[in-house]
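Dear colleague,

I am handing over the structure we spoke about, with notes on what was found in it. Please read the notes with the coordinates open beside you.

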Amino acid sequence: MTGVRDLKYRQWFNGADVDGDGVITRQDVRLMGERYVAARGAAPESTVARRLTDGLDAFWANVIAPMDQDGDGEVDLREMTEGFRRALTDPALYPQQVGPVADCYFDLIDLDGDDRVDQAEFGEIFGLAGNVSAEDCAAVFSALDLDGSGGLDRAEFHQALAEFFYGDDPDAPATHLFGKIAA
């Protein structure tokens, strides 16, 4: 594995540490979901919000919580980076490890329900999630829109997230999904 993944994971960590206290807790993971639900104006009790909450609970329990090496209920950047290095080694496991949560996020991002994410939807949600600038969101979106359709279908979205979490290419468009990294 290269240092590129470490830089990407740091970017993801910065977005996941919702309260900015330097650690990720179960509450941060829940707040991350609530932030997306609120940004979309979805009711907290809606089907998609419940799916996201359930998916994030599973993501916490199965992916993040096991990274807590000292058992304090908090995962710091070192623990998370080492945990991602251990857990996210096989892209074939994407459907179990990341896929379900990614589907929930896709459904939230796809505000108009047309089963594709357009540039405005993409910019809104990734701008919110990672404090990514509108210009950077536009550039990443453009590069991820592999077929030039003006929207990301579910397959393109999953391909981007798989590249982000499992890929080592510093020039891959998905490398900057959660904000521009400095390689």
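Which residues are linked in a network of salt bridges? They are Asp103, Asp107, Asp115 and Arg154, where a salt bridge is a side-chain nitrogen of Lys or Arg within 4 Å of a carboxyl oxygen of Asp or Glu.

Before the details, a word on conventions. This is a predicted model, in which local features need pLDDT of at least 70 and side-chain atom pairs count only at pLDDT 80 or more, while totals for chains, interfaces and linings use all residues. Residues are numbered from 1 along each chain as its sequence is written, and side-chain values use heavy atoms, with hydrogens and water left out. Helices (H or I, at least four residues) and strands (E, at least two) are DSSP runs, numbered from the N terminus.

Salt bridges

The structure holds nine salt bridges. In one of them, belonging to the network, the side chains of Arg154 and Asp103 meet at 3.0 Å, N to O, and this pair links distant parts of the chain, with Arg154 in helix α9 and Asp103 in helix α6, 51 residues apart. Asp107 also forms a salt bridge with Arg154, the closest N and O atoms being 2.7 Å apart; because Asp107 lies in helix α6 and Arg154 in helix α9, this pair ties together parts that are 47 residues apart in sequence. Arg154 is partly exposed, with a relative accessible area of 24%, and Asp103 counts as partly exposed at 22%, where buried means under 20% relative accessible area, exposed over 50% and partly exposed in between (1.4 Å probe, protein chains only). Asp107 is likewise partly exposed, with a relative accessible area of 24%.

The remaining member of the network, Asp115, lies in the loop between α6 (99-109) and β3 (116-118). Asp115 counts as partly exposed at 41% relative accessibility, and its phi is near 60°, a positive value in a residue other than glycine.

A further salt bridge joins the side chains of Asp168 and Arg5 (2.8 Å, N to O). Asp168 lies in the segment after α9 and Arg5 in helix α1, so this pair ties together parts that are 163 residues apart in sequence. The two partners differ in burial, since Asp168 is partly exposed, with a relative accessible area of 29%, whereas Arg5 is buried, with a relative accessible area of 7%.

Helix packing and the core

Arg5 also takes part in a helix contact. Helices α1 and α9 pack at an angle of about 115°, with their axes 8 Å apart, the axes being lines fitted to C-alpha atoms, for helices over the stretch in contact, and angles running from 0 to 180 degrees between N-to-C directions. That makes α1 roughly perpendicular to α9, a label for angles of 65 to 115 degrees. On the α1 side the contact is made by Arg5, Lys8, Tyr9 and Trp12, and on the α9 side by Glu163, Phe164, Phe165 and Tyr166, contact meaning heavy atoms within 4.5 Å.

The largest nonpolar core (a set of buried Ala, Val, Leu, Ile, Met, Phe, Trp, Tyr and Cys residues joined through side-chain atoms within 4.5 Å) has 50 residues, and those with the most contacts inside it are Trp12, Ile64, Phe84, Phe122 and Phe165. Its largest share, eight residues, comes from α3. Ile64 touches Trp12, Ile24, Phe59, Val75 and Phe84, not counting residues up to four places away in sequence.

Helix α4 and its surroundings

Phe84 is one of the buried residues of α4, together with Glu79, Met80, Thr81 and Gly83. What covers them includes α1 (3-16), β1 (23-24), α3 (47-64), β2 (75-76) and α9 (154-166). At the N-terminal end of α4, Asp76 acts as a cap, with a side-chain oxygen 3.2 Å from the backbone nitrogen of Arg78.

Arg86 is also placed in α4 (residues 77-87), where it counts as partly exposed at 48% relative accessibility. Leaving aside neighbours within four places in sequence, Arg86 is in contact with Pro66, Met67 and Gln69; the C-alpha atoms of Arg86 and Met67, 19 residues apart along the chain, are separated by 9.2 Å.

With best wishes

Conventions. A polar contact is a pair of N or O atoms within 3.5 Å; within protein, one must be able to donate a hydrogen and the other to accept it, and residues adjacent in sequence count only if both atoms are side-chain atoms. Angles under 35 degrees count as roughly parallel, over 145 as roughly antiparallel, 65 to 115 as roughly perpendicular and the rest as oblique.
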